[in-house]
Amino acid sequence: MRYLPHTDETRKAMLDKIGVAGMAALFADIPQEAQRSGLETLPGYQGEWDVEAHMAALAAKNRAAASGPFFIGCGAYRHHVPASVDHLIQRSEFLTAYTPYQPEISQGTLQVLFEFQTQVARLTGMEVANASMYDGSTACAEAALMASRVKRRRKIVICGNLHPHYRESTLTLGRFGGLRIETTRPQPGGAPELAGLIDKDTAALVVQNPDVFGQVRDLAPLAEAAHAAGALLIAVVTEPVSLGLLRSPGAMGADVVCGEGQSIGNGLNFGGPYLGLFAVNKKLLRQMPGRICGQTVDADGRRGFVLTLSTREQHIRREKATSNICTNSGLCALAFSIHLSLLGGEGLRKLARLNHESTIALAGTLGQVPGVKVLNSGYFNEFTYKVPGDAAEVIEALAGRDILGGVPASRFYPGEGFDDLIITAASELNTDEHRAAYAGALKEILS
Amino acid sequence: MSDTKYTEDHEYIQIEGDIATIGITDYAQGQLGDVVFVELPETGASFAKGDEAAVIESVKAASEVYAPISCAVIEVNSILEGEPAIVNSDPEGEGWFMKVSISDEAELEELMDEDAYKAFIAEL
Amino acid sequence: MNREGRPTGAGETQAPRSRTFTGNKALQIEEPLIFERADYGHGGVDLPEPEGLSTNLAGLEQESAPDLPGLSEPEIMRHYVRLSQKNFSIDGGFYPLGSCTMKHNPRLNEKMARLPGFADIHPLQPQSTVQGALELQHEISGWLCNITGMSAVTLAPRAGAHGELAGMMAIRAALEARGDARSVVLTPESSHGTNPATASLVGYKVKAIPARADGTVSVEAVREHLGPDVAGIMITNPNTCGLFERDFAAISAAVHEAGGFVYGDGANLNALMGRADVAALGVDAMHINLHKTFSTPHGGGGPGAGPVVFSKALAPFAPLPLLREKYGVFSLIENPDEAENASPFGRMAAFQGQMGVFVRALSYMLSHGGNGLARSTDDAVLNANYIRARLADVMSLPFGNQSCMHEVLFDDAFLKDTGVTTLDFAKAMIDEGFHPMTVYFPLVVHGAMLIEPTESESKETLDQFIETMRALVKAARSGETGRFTNAPVFAPRRRLDETRAARQPVLVYEGKI
């Protein structure tokens with residue numbers, strides 16, 4: 001076995017040194033009824049090329065995004081990632097290091113996290129950020145719990161246009177964690193009325209921008225309404241590229257910004273691993289869940305970085321910890337940080353504009369297909385349109401023509417009356433040919 | 001005239017009339033090590049005996065400070081929020097946590113006096 | 001001097017300089033923050049010029065670009081390569097961090113995860129276009145059930161602690177489904193800190209069970225706390241002292257008899273593959289850290305993945321999405337109404353799990369095969385016991401010199417009266433080129449040092465490590481205190497002031513200090 005250094009002679013010599021007759025003696029504490037002798041029913045070991053062949057066969061059964069027209073978003077976005085990003089994250093010292101518990105020999109990871117935190121804070125318009133969470137949906141659920149803890153209130157109001165997976169993840173954690181969650185009906189292309197739901201028991205209002213239907217919304221009035229009731233505004237961002245062009249949630253008055261960082265530096269990966277972003281203003285700093293990196297000095301007075309505020313974590317506080325989260329998404333944060341350092345603010349703005357223009361072009365092209373109606377009044381890189389007929393069938397028919405055209409809203413909202421809606425996204429990678437193929441196929445399917 | 005009482009959770013209560021000043025003892029700060037943060041209650045908050053009133057964090061530990069008696073908070077030592085190190089340097093002086101009005105003087109009877117507390121920590 | 005009269009050894013006659021003009025030390029080069037670069041300009045990505053169309057952003061356009069530096073590709077390469085050189089890594093050296101299973105990360109797995117058919121597919125593509133991805137999830141599910149002997153698995157949790165959450169939620173959902181509200185969860189004192197944190201997050205009160213003198217939990221101690229209010233027990237096996245819980249099967253039987261469930265923390269599965277049948281031990285739910293046992297890289301702190309295996313009793317409560325196979329066609333059940341014969345308790349996270357991690361883990365499993373996995377477990381346990389046997393005479397074993405599983409726990413009794421603490425000892429190991437073991441965990445042992453070598457280490461490495469440890473012990477006991485209390489002196493940084501970091505948190509760049 002190529003990953004195991006010992007020979008049988010070595011094993012024998014080591015067993016002798018330990019003073020036992022055989023390997024089985026080391027497992028003597030396992031009760032008889034639970035003992036096992038090997039894993040014989042599983043296949044035997046395989047060399048590299050056999051494994052490659054097996055995996056390549058599985059991979060070949062999937063339609064990769066790059067192989068044809070691709071227009072899917074809804075919380076995961078495909079952008080071009082520079083080659084240097086993937087090269088750098090595969091450096092042994094980044095890839096195969098653990099959580100930086102020994103800061104003297106982990107300054108690389110720690111400085112990256114400090115730079116990442118600074119980037120996230122600046123991007124979201126907030127004062128501080130943590131070193132990342134599992135993904136956007138879990139960051140959102142943790143934000144709701146944090147708000148309840150800070151405000152000592154149980155009620156959370158969720159906008160119906162929040163990504164349904166985020167809503168369900170928050171509902172699940174909230175149900176067990178004792179939150180009372182109220183939510184509105186989704187309103188594709190619109191802006192659900194929320195101010196009326198906020199009262200003196202409300203800890204936070206959760207609003208995504210742009211929302212799951214692609215609609216953009218001014219958060220400032222919502223921040224005002226939340227603050228008037230003593231509640232927090234939690235802004236969710238699932239497409240951070242939008243922050244190159246849109247006013248930041250911080251600038252619109254959000255108290256917490258959480259969301260998904262995947263679209264910068266990270267691939268689609270069928271949904272994971274992704275990168276949860278979490279930023280707050282300073283007054284909430286000590287309530288932030290997750291890992292946090294801070295600046296300090298070493299014994300010689302040189303600047304260095306450490307994990308800090310860790311007494312809130314489960315290792316010390318056990319059942320009183322702020323959350324049970326142990327890891328962040330370190331390598332994905334590294335990829336995000338490298339990509340963003342290559343882009344810079346100006347590059348991000350340009351990339352955002354390219355995405356927005358590509359989306360305007362797509363809306364224009366699809367809007368000319370008879371029967372299609374775009375619902376959004378404002379959008380960044382994603383919008384929802386109505387078709388005469390069943391959207392799920394249309395999406396399948398498009399896939400049959402090798403066009404991945406978006407997500408039928410019924411996949412999220414079965415039986416809720418959105419069966420004729422498609423949520424579609426565009427990017428800098430779409431060409432005129434892609435758009436023409438999409439519109440042409442759609443026209444054929446609908447006629 | 002002032003009188004100081006102690007709890008088994010290493011809080012002290014300096015009593016002056018119906019007002020008490022609450023903090024953690026020198027022994028407690030020594031056990032915690034470098035204090036890095038103190039979260040104090042809001043003025044006006046009232047607690048039953050045993051309620052969680054404050055949180056104190058050091059580099060190696062975080063612990064709750066429980067209300068040693070039923071009380072209402074009339075003043076908190078907000079200097080601690082910016083300079084938590086005072087808890088280490090002068091816990092039973094400048095490093096006090098909060099001043100409270102005592103709700104039930106009878107509860108004071110259950111607490112230790114200085115000699116009893118000294119005997120208590122000697123056995124730890 | 002050699003025959004030509006040139007000096008042959010650096011620093012033979014003079015003490016080496018301690019400081020350079022730059023602050024650099026040969027290969028260790030100081031690197032400023034990207035925000036401190038004065039002249040950042042056009043960045044490192046060439047983008048086409050936008051057409052300048054009028055926007056459709058509902059009037060929410062930001063006036064200027066975010067204030068973020070952008071550097072050219074050569075500058076970026078140098079920045080991150082220099083940073084990387086300040087990290088210790090498993091590729092670079094021995095990393096015996098107890099409880100973390102720092103084993104070799106095969107590069108084949110990285111290559112497989114980058115196949116476009118896995119890396120470049122969207123989680124919401126029509127399911128007909130991702131059949132290979134679903135088949136892979138089905139396949140890894142099969143391996144996990146086989147390795148543990150359990151009935152069902154959810155791939156949804158994003159990490160080990162997230163898996164714990166899923167397992168405990170399933171337990172609570174199962175109890176609620178039978179109208180049995182219970183309020184208490186038992187955990188041994190030596191459990192992972194995440195266990196009580198998780199139980200509390202799911203709404204349970206936590207009661208700690210003390211260990212007996214040999215470091216394990218007795219069925220009698222558990223029985224004392226059992227009752228109609230106990231929802232279950234969370235128990236790590238092998239436990240955090242590196243010992244197999246001998247009474248585990250009996251404990252499970254007692255908990256089941258009292259109407260509770262058994263949550264097994266699977267962080268230490270690397271000690272059990274092919275040797276123990278988790279189902280036969282009576283476990284109802286157990287998370288598996290793919291980033292530990294199945295070698296997916298830790299990446300400086302994630303991402304990981306924490307699938308949870310379930311017993312028959314808990315399987316119906318597994319969270320969404322559910323993976324189904326019928327006539328060779330795979331599907332994801334994403335809505336509770338479509339879940340036949342199941343009552344999923346909810347959803348853990350968006351989409352369907354850490355695909356990139358699954359590909360790597362399956363690649364690892366296929367490479368090893370069943371027997372290779374069993375062999376890994378054997379070698380991991382062998383290595384830990386070898387270290388134990390060769391250090392038992394100079395270090396101190398809190399529970400006596402009994403055989404351990406895949407990790408060995410020492411306490412600080414051997415440092416008594418030396419003026420050297422566990423932390424000092426760990427820092428001196430850094431100077432010797434080893435990553436320290438896990439220190440001060442588990443909390444039940446004074447000055448704990450938990451060493452987990454994994455199966456990836458050769459006898460040569462272990463011998464070198466053992467000799468180093470013996471030399472350090474000797475130095476500590478002969479009064480060379482400064483070697484420890486000043487350590488590390490050769491690392492990129494000396495000890496860092498954690499008090500300062502926590503008292504006045506600086507979490508983002510705010511200018512030079």
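**Exercise 1: a loop residue in chain A**

Find A:Arg152 in the loop between helix 6 (136-151) and strand 2 (155-158) of chain A, then work out whether A:Arg152 is buried or exposed.

*Solution.* A quick word on the ground rules first. You're looking at a predicted model, in which local features need pLDDT of at least 70 and side-chain atom pairs count only at pLDDT 80 or more, while totals for chains, interfaces and linings use all residues. Residues are numbered from 1 along each chain as its sequence is written, chains are lettered from A and ligands numbered from 1 in the order in which they are written, and side-chain values use heavy atoms, with hydrogens and water left out.

Step 1: get the words straight. Helices (H or I, at least four residues) and strands (E, at least two) are DSSP runs, numbered from the N terminus. Buried means under 20% relative accessible area, exposed means over 50%, and partly exposed is in between (1.4 Å probe, protein chains only). The areas themselves come from the Shrake-Rupley method, and for residues only the protein chains shown count as cover.

Step 2: apply the cut-offs. A:Arg152 has 69% relative accessibility, so it counts as exposed.

Step 3: check the backbone. The phi of A:Arg152 is near 50 degrees, which is positive even though the residue isn't a glycine.

**Exercise 2: one loop, two backbone features**

Go to the loop between strand 6 and strand 7 of chain A and describe the backbone at A:Phe270 and at A:Pro273.

*Solution.* Step 1: A:Phe270 is another non-glycine with a positive phi, about 55 degrees. Its relative accessibility is 0%, so A:Phe270 counts as buried.

Step 2: move along to A:Pro273, which sits between strand 6 (256-260) and strand 7 (276-280). The peptide bond leading from A:Gly272 into A:Pro273 is cis, its omega being near 0 degrees.

Step 3: look for a cis bond in chain C. The bond from C:Ala487 to C:Pro488 is cis, again with omega near 0 degrees, and C:Pro488 belongs to the loop between helix 13 and helix 14.

**Exercise 3: salt bridges**

Take the salt bridges A:Arg302 with A:Asp300, C:Glu334 with A:Arg411 and C:Glu30 with C:Arg493, and say where the partners lie or how covered they are.

*Solution.* Step 1: the idea. Side chains of opposite charge can pair when their charged atoms come close. The rule asks for a side-chain nitrogen of Lys or Arg within 4 Å of a carboxyl oxygen of Asp or Glu. Over all chains, that gives 56 salt bridges.

Step 2: A:Arg302 and A:Asp300 are 3.9 Å apart, N to O. A:Arg302 is buried at 16%, whereas A:Asp300 is partly exposed at 34%.

Step 3: for C:Glu334 and A:Arg411, the closest N and O atoms are 2.8 Å apart. This pair crosses between chains: C:Glu334 is in the loop between strand 9 (329-333) and helix 10 (355-391) of chain C, and A:Arg411 is in helix 12 (residues 409-412) of chain A. Both residues are buried.

Step 4: C:Glu30 and C:Arg493 meet at 2.8 Å, N to O. C:Glu30 comes before helix 1 (73-84) and C:Arg493 lies between helix 13 (481-485) and helix 14 (498-503), so the pair ties together parts of chain C that are 463 residues apart in sequence. C:Glu30 is partly exposed at 28%, and C:Arg493 is buried at 9%.

Step 5: bridges can also share partners, joining A:Lys155, A:Arg180, A:Glu182, A:Asp199 and A:Asp201 into one network.

**Exercise 4: chains A and C as wholes**

Sum up chain A and chain C.

*Solution.* Step 1: chain A has 13 helices and 13 strands. Its C-alpha atoms fill a box of roughly 80 × 55 × 50 Å along the principal axes, and 68% of its 447 residues are buried.

Step 2: try the globule rule, 2.2 Å times the number of residues to the power 0.38, with the radius of gyration taken over C-alpha atoms. For 447 residues a compact globule would come out near 22 Å; chain A has 25 Å, which agrees.

Step 3: chain C has 14 helices and 12 strands. The C-alpha box is roughly 85 × 75 × 45 Å along the principal axes, and 65% of the 513 residues are buried.
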